[in-house]
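User: I have a protein chain to look at and would like to go through it by question and answer. Please keep the reasoning short.

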Amino acid sequence: MNWFQKHNDDAAAAAVVGCIILFLVVLLTGCGGGGSADPTRTTWTEQEVAQVYLETQACVGLTAPAPVVSFEPFDGPFGLFSAPDRVFINTSPVWDIMTRTDEDQALRHEFIHHLLFSVIGVHDHSSPLFQICT
Ligand SMILES: [Zn+2]
């Protein structure tokens, strides 16, 4: 067995151990009636997100083409608006305390940023719409 062969065998063994550990973690967290506050929180459909956007537009009284919405983990707050048209909802484990209602509010908050940016170009938190429409 040459070095390369040995190295690859070690890597394969490490990968197998890693998969077993991952499997156990999934098994442990997947049992017991839900470890996080709301295990269904990341299962938004496009239609549900679109509905929240329609409701937010109606509340704010502004319209603009919908942003691209991503549910993904990242280092940062519960949600982010990236001008001109990207909204991110944070699915990082540190935000596992978020319920679906929290995510709904996060979506509305980031949609308000998007609508304000798109229509008037200013989207800081001084607007009362952040309180009124989330
Ligand atoms: Zn904000």
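User: Which residue follows H3, and what is the sign of its phi?

Analyst: This is a predicted model, in which local features need pLDDT of at least 70 and side-chain atom pairs count only at pLDDT 80 or more, while totals for chains, interfaces and linings use all residues. Residues are numbered from 1 along each chain as its sequence is written. Helices (H or I, at least four residues) and strands (E, at least two) are DSSP runs, numbered from the N terminus. H3 is followed by Gly121, and the phi of Gly121, near 85°, is positive.

User: In what order do the elements of the protein chain run from the N terminus on?

Analyst: The secondary structure comes to four helices and three strands. From the N terminus on, the order is α-α-β-β-β-α-α.

User: How far does H3 reach from its first C-alpha to its last?

Analyst: H3 covers residues 100–120, which is 21 residues. The expected span is 1.5 Å times one less than the number of residues, and for H3 this comes to 30 Å. The reach of H3 in the model is close to that, at 30 Å.

User: Which elements are included in what covers the buried residues of H3?

Analyst: A residue is buried if 20 or more other C-beta atoms lie within 10 Å of its own, exposed if 12 or fewer, and partly exposed in between, with C-beta atoms placed from the backbone. The buried residues of H3 include Glu103, Leu107, Phe111 and Leu115. Their cover includes H2 (46–60), S2 (79–82), S3 (86–90) and H4 (129–132).

User: Which residues does Phe111 touch, not counting those up to four places away in sequence?

Analyst: Two residues are in contact if their C-beta atoms, placed from the backbone, lie within 7 Å. With that cut-off, and leaving out residues up to four places away, Phe111 touches Tyr53, Thr56 and Val87.

User: Which element gives the most residues to the largest nonpolar core?

Analyst: A nonpolar core is a set of buried Ala, Val, Leu, Ile, Met, Phe, Trp, Tyr and Cys residues joined through C-beta atoms within 7 Å. The largest has 16 residues, and Val60, Val87 and Phe111 are among those that touch the most other members. H2, S3 and H3 each supply at least two residues of this core. The most, six residues, come from H3.

User: Which residue in S3 is the bridge partner of Gly79?

Analyst: Two strands pair if DSSP finds at least two bridges between them. S2 and S3 pair in the antiparallel sense over four bridges, and they form a hairpin with three residues between them. In S2, Gly79 and Phe81 point to one face and are buried. The bridge partner of Gly79 in S3 is Ile89.
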